[in-house]
Structures are given as structure tokens and as C-alpha cells.
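Let's take a walk through this protein together, starting from the inside and working outwards. Keep the viewer open as you read, and turn the model whenever a new part comes up.

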Amino acid sequence: MSPMSFRTLDLNLLKVFEALMTEGSVTRAANALMMTQPAVSNALARLRDALGDPLFVRSGTGIRPTQRAVALWDPIGEALESVRGALDEKVFDSERAQTEFSLSMSDYVASLVMPRLLNRFAKAAPNARIRTVPNTIIGIADQLEDNRVDCVLSVYVNEAQHPALIRSRSLWTVDYACFMRRDHPLAAGKRLSTRSFLNAKHVDVSLAGRTLPTYDQFLASRGLSRNLVSIVNHYGAAYEIVRQSDLIGVLPRDLRGQSRHAPSLRAMPLPLEAPPRVVSLFWHQRNDTVPAQRWLRETLVELFARME
């Protein structure tokens, strides 16, 4: 922003810019500011004129910031947060808040996270609600950019494609084992040979239902392949298949304790260990300074970071 444009800019417009960034939609921004939609659209037109950039472009049911808007957001968001803090020292009152939080997770992550998180909410945020929505991994950036969820708890498949606007914080490393039913022919030994492991019938999980499981990509990188006969999109289903059939599965070890079927499953070390996969907390940059969002993230990190 040049000195001339700063001198002539109506600073009220920055509140509109902030609302558009945090809400991801003109309608929601208007509601948050208690303004009419035409008034917000008019303010955006003035901002575009003053800054010489479209700032936001239509995307699905909402809007997405341009590169210029993203570059401006860090300093402007922080400045507005400082001003707000100086004026009203507003903090998130979790004990009174009637907020609804939305989290995107697989059934594996939800079964580990939700019981402990809801127990914490019962004490710290008794009037708040938590809604979970499916996570397919490939949709992480879209879910956050379109403001469909507050946070995603997930592994990330391709770090090279991690969008710049998405923030993340590692939580825990997933410990995998090879699961089979207790009376499976391979369950008698202490460990599995590579050959018997690869030749056995396997089930694995692809949350999107159409991508090759990460473990098969790892095997392919070693010039190997296994007898993968089924791909399902829920971890719970994979454990059930293993329990009731001759299929074996490379599945998270820490979920077994959650299942009533644990006694009927045998977990054996993998003869071929894939690189570690880490469950991380993902959120959109625009939520960095929102008090309720910050409280939610701090709670999740406190409860689940380095949960080994």
C-alpha cells in the first residue's frame, strides 16, 4: 500500500477486509459485521479501487483471496487484532460460549480424539458443540479454503503440494502393525516372512475410496507388490473384515484398544516398515487470530500433541 493510498483509505474498509478473509463469503461477512450485503459489496469495490487488486475471486459458494490479499492479511490481521485487544481485551469465554466447532477427521482419528475432546468440553465448554465431517485427505485444502470446517486432523500425503494458506502442527506418529484374526494360519508364528506377508490377502483403507493406499506406493518404490484384494474407506470396516475373514491388514496399532474386538485380533510387526506417517492439525491462516479458533487449536494441541 503506497503512502498516498494509506492517507486516503477509509480504515473502516479494513474491518470489511478482515471479515471477508475470516468468513470466506460476502453473506457471512455481512452477517458478522451487521451490515447489508450491498454495503459489504460496495466496501469491497472501494477496497479494490484503493489497492488496485480484485482481492477476492468467486470460488464455489464463497470467495477466495488473491495473492495480494494473502500478502496483506498477515500485517493487517495482526494490526486489527492488536487494536481490538487494546480496546476491549476480548478473549474467548469457553464456559459460556455456545459455539459450534466443525472438525474433519477419519473414523480412526475421530475414535481416538472425540472421547477425550468431549470429556474436556464437558468441563471447559459445556455449551459448545462439536460436529465431525469426513476427511478424504485429498480434500484438506478445499475444506479449509471454502470454510466448510474449522480444523482438519489428518495425515498429509504430499507435503510438496501443501497450500501456502494452510497452517499445520504435528500431533502424533501413527504406529502400524499387521492385523489378522487370532486363529489365522499366519498367526501361529512370532513374525511374518516378507514372502508370506506379500502373498497373503490384504485389505487396506483409502479414505477417498479411489486412491491407491500409501503402503502400496511405498512397496512400489521398493519394486514390490502385495495381494491387495479390497480397499475400503473406513478403518472400522477394515478391522471388521480382518476379524471375520482370512484377509490381513496394515492398520494403526493404537486403534485396537478402542475396539471391543481387540481380543480376537493379533497384531504382528511388519516385515517391511514404511516411512512414519504423522497426524497433524490443519487450519486456515485466516483463523490464526480468531479467539474461539485459537482456543480450539490450543485445546487440541494440549490433549493430543505427541500422543504416543
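Helices and strands here are DSSP runs, numbered from the N terminus, with at least four residues for a helix and at least two for a strand. With that in hand, we can look at a space inside this model, which is a predicted one. The structure holds one cavity of 30 Å³ or more, and the volume of this largest cavity is about 30 Å³. Its lining is made up of Leu20, Met21, Gly24, Phe56, Ile63, Arg64, Pro65 and Arg286. Two elements, α2 (12–23) and β2 (62–65), each give two or more residues to that lining. The largest share, three residues, comes from β2. Sorted by character, the lining has five nonpolar residues, one polar residue and two charged ones.

Now step back to the chain as a whole. You can trace eleven helices and twelve strands along the chain. The C-alpha trace spans about 80 × 45 × 30 Å along its principal axes. Of the 308 residues, 47% count as buried. Among contacts with a separation of 6 or more, 73% are between residues 24 or more positions apart. On the outside, the accessible surface comes to about 16000 Å², and carbon and sulfur atoms account for 51% of this surface.

Next, find helix α10, residues 235–244. Which of the residues of α10 are buried? They are Tyr235, Ala238, Tyr239 and Val242. These four lie on the same side of α10, because they cover an arc of only 95° around the axis. The buried residues of α10 pack against a helix, α6, and against the strands β7 (176–181), β8 (201–205), β9 (227–232), β10 (248–252) and β11 (265–268).

From α6 it is a short step along the chain to our last stop. Alanine 125 sits in the loop between α6 (107–124) and β4 (129–134). Is alanine 125 buried or exposed? Alanine 125 is buried, because its relative accessible area is 2%, and buried means under 20%. Leaving aside neighbours within four places in sequence, alanine 125 is in contact with Ser94, Arg120 and Trp295. Try picking out aspartate 93 as well: aspartate 93 and alanine 125 are 32 residues apart in sequence, while their C-alpha atoms are 8.5 Å apart in space.

How values were computed: Residues numbered from 1 in each chain as written. Predicted model: local features only at pLDDT ≥ 70, side-chain atom pairs only at ≥ 80, totals over all residues. Heavy atoms only, no water. 1 Å grid on protein atoms, 1.4 Å probe; cavity = no way out; pocket = protein on both sides within 12 Å on 5 of 7 lines; lining within 4 Å. Points joined across faces, edges and corners; volume = space filled by probe spheres on them. Nonpolar A, V, L, I, M, F, W, Y, C, P; charged D, E, K, R; others polar. Buried < 20%, exposed > 50% of the residue type's maximum accessible area, 1.4 Å probe, protein only. Contact = heavy atoms within 4.5 Å. Areas by Shrake-Rupley, 256 points an atom, 1.4 Å probe, with all protein chains shown as cover. Arc of directions from axis to C-beta.
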